[in-house]
Structure formats: structure tokens, C-alpha cells
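Here are a few exercises to work through with the model open on your screen. Try each task before you read its solution.

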Amino acid sequence: MENPKLKKYLEEWLEETTISEIQEKLASGELTSKELVLLYLHRISRYDKELHSILEINPDALQIAEALDTERKKKGPRGLLHGIPILIKDNIDTHDKMHTSAGSLALKDSIALKDSFVAEQLRKAGAIILGKTNMTEWANFMAIGMKSGYSSRGGQVENPYGPRKFDVGGSSAGSGAAIAANFAAAAVGTETSGSILNPSCQNSLVGIKPTVGLISRRGIIPIAHTQDTAGPMARTVEDAVILLNALCGKDDLDSITKTNPFIGFDLSELLVKDGLKGKRIGIASDGFMELLSKEKQKVVAAGLELLKSSGAEMIEDIVFPSAKAEWKYDVLTYEFKPDLNAYLNSLHPSIQVRTLADLIEFNKNDEEKMLKYGQAVLLESEKTSGSLTEAAYIDALEFDLYHSTKKGIDFALEKYGLDVIVFPNDEGSHISAKAGYPTIAVPAGYTSLGEPVGITFAGTAYSEPLLIQVAYAFEQMTRFRKAPILE
């Protein structure tokens, strides 16, 4: 980098900087958003060749930044995201020069006809959509055994803490790796079951999987309307909450958002250091802890010991009747076909893939490129009627809702009188996902080899205020996160 000023910022300041710290520099005039974009682009060009976390950069990013700099001078900032570069997952529509493909070559030329709700909210807040992140193809609803972070369009995303050594987590793999590597201030991921929480734990990030309904799903390539949601991924709880504030909103085209109670409420008011004091937190270990390696168990256990000294009342070894239930993904199998067909049918007429059947055929026509892991999951979904009338679907939906709520999260909260439940790493995320309930992942340490480990705080519907308080207080007390060493 030739510019001495930018070189200094790149070497001494950009890594691990927070949104509030960036805003201080922007407000003082020490830095512009245009310069900030250049700094992030330089990091991406320098380090992402090994990580493969970014699919494409927004060609208009620098000009958007310059326009926002001008607006700041004339009118002042719109808010905390004004002029802040944000990355978004490649299954989120943007009506600009970027593509939205879910990581698939089948949609590599698809440019959305409209912004998604997420993109609308980001632009309204003054954020700069810097680019699209790589992801597990079709959000890991394509094949059995597909490696986290792999897509036919973008290749294999690598974990910045150990490329080719540690799992990067999925399916929001690119969002996780990119923010861990400091390629933007924060990112938006999506989750159907674990796809924000898992890469957040694997990349030492804070990930918020919100209640289904907090953020509109409009314009997001779907898996299943029962469980799909977008959510923020960031290096700190504060940054994740700032992004969550911007994404939160009601949308007449997504009816579930009309249950959202937080419109007009600033969730950042909940960032208090004594947020653990007096809280009753249940530790979900039985049926979950043993799913981790022995070393990860030790890291989680050490984090839980710190949690016990926080002023919270800890209830150990809480039991879920459904913890060892025979969970399946049948609901996703049935909902994927009609949801995806509706999305594909809305694309520009130039896109030839209009149905799930078309997608399967496209993949078969170039198996070497498209079917490294096969497409067994797509084939299984195509067998369904697409009408959601099957008794097997209704039975699976009822099973999931009952066992995730009345015999799952809500059961434990009520039986033990809890405010929040803590899980080891992202284990148990499927229960909250099937309930449509919120969870926040927070860094909890590292193994002896340097692999990140997290813990997750879960609650009932729209319990984000409690989870934010607890997650922020734990983060401030422990400050486990450290940047990866990139080469």
C-alpha cells in the first residue's frame, strides 16, 4: 500500500477494530469511509487467496462510500452503521451489480431484480455492502457429507485459525472466516439449523441467531420457512447488536415479522457489564457435552467455571426430555421444494433454472463440477409433492415444534425457573432452530492447537434482551477472542 496514512492504519489499527472505534475516526475526520473500504479491500486481496471467504466485491463500494462521506459532511451520520463496510452471505439478494447464487454455479449469473429486506435495511442505515461471502452450497441442503464451506462456485472456505486444519463451520462459512480475518466490520449470515452459530464458534465470533420473525426472510434463498432467518456475525457482542438493530423490522411481505415486539427499541441499551447478576442460567451438558472432543470439553468447562463466578445463579445438569430424541430434517425436506421453487420462479427470465427439478438436471449435466458430494438431499426433496399436504410433513412439523418447545427449551426454562440456557459450543442449536427461538454464540477459548471454541446462550421466543445482557457480560468478563495470525 503506497499511501503512508492508510498503510499506518492497516498495520496499526484496522485489525480487531470495532464499529464504535471506526465511527470515532470517521466523526473526527481522521479517516473517511472511502479510505476504510480501501483498507478492507487491501486485507482481502492480501489474505483471502488462502481462505476463499469472499465470492465477489461490490463494484460500487468505493463510490457508495464516497457518497456517504459527502452525506456525513452535509447532514451528519444516519447512525452507527453510516459508512461502515458489511459483508453479506451469497444467498441474500442485492439489486446491484453483484450476483446471488447460494454458492452454486447454477445461479452464478443471477442478479436479483429487487433488494432483499436485509439489503434494504443495510442501505437505509447507511452501511456499505462490501461484497458477498462464500458459503456451503445451498446452505448445506444439497448433499450428505458435504464439507462445511464448500461450494461449486467459490471452492473451499478455510478457517483463518488453521487453514486445512480446522473445520470452518457452515453454512455461513465465508461470513465467519471473513470477519474472523478482519475483512469487514461485521457480516450477515443465515441459519436454518446451526449455520450462524456453528461458524461463529469455529471462528471465535459472536453470532446471533434471532427469533424467527425478528428479521424478514424476503429475498433470501430459502431452505425452510419454519426455521430460516438471517442474523449478524461480528467480533464483539456490541457490533453484533448494532447490526441486529439495523436488520430488525416489520415487513408486510413476511407475515411472521408482525410478531416482532422490538420495533423502535434500541437493543444496544442492554449492553451492561453486570448483565449476569441475578440471572438464573441452566447448564445443558447431558446429551450435549459428550458430542465435543475431550479437549473442547475442557475449554467449555473452564468457561463455565468463569460463568459460575459471575454473580449469576447456575443450575447444573439440567435435563431436556427431548435431548436425545430421534431428530430428523423431514420438515426441511418437505418445505425446501415449494420454498425454493417460489424463489427461482421470481428470478430474471434469463435464468434457466426455474425449479428444483431444473437444478437437479443442471447438476447432472456437469457432474464433475457440480456433484463433488452428490445431491442426495435435493433428490429426496424433489420426491415430495411440493404442496405440503403430506401427513408425514404435518407429523414431522408437530413433532419438531412439540419436542423443541414444550419438551425442549420452554420445558427447561419453566421446570428450573431459568432465564437462559447455556450449551457447549453450538451443540443443541437444532432444538432452538426447530422452535424458531434465539441463540447467541460467544467465544469461550481455544484448544492447545489453537482451534476456537464457543458457548451458546439460548432462550424462548423474543428473549433477545436477556440473551444480549448475558452474552455481553460474559464477553466483557472473559475477553477470550484473539485475532488469527494470517500469513
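## Exercise 1: Cysteines

Task: Work out how many disulfides the structure holds, and decide whether cysteine 201 and cysteine 248 are buried or exposed.

Solution. Keep in mind that this is a predicted model.
- Step 1: The structure holds zero disulfides.
- Step 2: The cut-off for buried is under 20% relative accessible area.
- Step 3: Cysteine 201 has a relative accessibility of 2%, so it counts as buried.
- Step 4: Cysteine 248 comes out at 11%, so it is buried as well.

## Exercise 2: Helix α8 and the loop before it

Task: Find out how many residues of helix α8 are buried and what covers them, then place threonine 236.

Solution.
- Step 1: Helix α8 spans residues 237–247, and nine of its 11 residues are buried, which makes the helix mostly covered.
- Step 2: Pick those residues out: Val237, Asp239, Ala240, Val241, Ile242, Leu243, Leu244, Ala246 and Leu247.
- Step 3: Look for the cover. The helices over these buried residues include α2 (19–28), α5 (117–125) and α16 (464–478). Strands take part too, including β6 (186–191), β7 (206–209) and β8 (229–234).
- Step 4: Now step back into the loop between β8 and α8, where threonine 236 is found. Its relative accessible area is 17%, and because that is under the 20% cut-off, threonine 236 is buried.
- Step 5: Leaving out residues up to four places away in sequence, threonine 236 touches Thr18, Val206 and Glu475.

## Exercise 3: Strand β12 and its partners

Task: Say which strands pair with β12, and in which sense.

Solution.
- Step 1: Start with the strand itself. β12 covers residues 439–446, and eight of its eight residues are buried.
- Step 2: One partner is β7, which pairs with β12 in the antiparallel sense over three bridges. To find the register, go to lysine 209, which stands opposite threonine 439 in β12.
- Step 3: Another partner is β13 (residues 452–458), also antiparallel to β12, over seven bridges. Here proline 443 faces glycine 454 in β13.
- Step 4: Trace the chain from β12 to β13. The two strands form a hairpin with five residues between them, and glycine 450 in the turn has a positive phi of about 95°.

## Exercise 4: Serine 432

Task: Where does serine 432 lie, and which residues does it touch?

Solution.
- Step 1: Serine 432 belongs to helix α15.
- Step 2: With a relative accessible area of 1%, serine 432 is buried.
- Step 3: Setting aside residues up to four places away in sequence, the contacts of serine 432 are Lys209, Ile409, Tyr437, Pro438, Thr439 and Ala458.
- Step 4: Tie this back to the strands: two of the names in that list, Lys209 and Thr439, stand opposite each other.

## Exercise 5: Two pockets

Task: Describe the largest pocket and the second largest pocket by volume and lining.

Solution.
- Step 1: The largest pocket holds about 750 Å³ of space. It has 37 lining residues, with Asn140, Ser193, Gly194, Ser195 and Leu332 the closest to its centre.
- Step 2: β6, β8 and α15 (429–435) each give two or more residues to that lining, and α15 gives the most, with three.
- Step 3: Sort the lining of the largest pocket by class: 14 nonpolar, 17 polar and six charged residues.
- Step 4: The second largest pocket has a volume of about 590 Å³. Of its 22 lining residues, Arg217, Arg218, Gly219, Ile220 and Tyr343 lie nearest the centre.
- Step 5: The lining of the second largest pocket divides into 10 nonpolar, four polar and eight charged residues.

Conventions
Residues are numbered from 1 along each chain as its sequence is written. This is a predicted model: local features need pLDDT of at least 70, side-chain atom pairs count only at pLDDT 80 or more; totals for chains, interfaces and linings use all residues. Side-chain values use heavy atoms; hydrogens and water are left out. Buried means under 20% relative accessible area, exposed over 50%, partly exposed in between (1.4 Å probe, protein chains only). Helices (H or I, at least four residues) and strands (E, at least two) are DSSP runs, numbered from the N terminus. Contact means heavy atoms within 4.5 Å. A disulfide is a pair of cysteine sulfur atoms within 2.5 Å. On a 1 Å grid over the protein atoms alone, a cavity is a set of points where a 1.4 Å probe fits but cannot get out, and a pocket is an open set with protein on both sides within 12 Å along at least five of seven lines; lining residues have an atom within 4 Å of a point. Grid points are joined across faces, edges and corners, and a volume is the space filled by probe spheres set on the points. Ala, Val, Leu, Ile, Met, Phe, Trp, Tyr, Cys and Pro count as nonpolar, Asp, Glu, Lys and Arg as charged, and the others, Gly among them, as polar. Two strands pair if DSSP finds at least two bridges between them.
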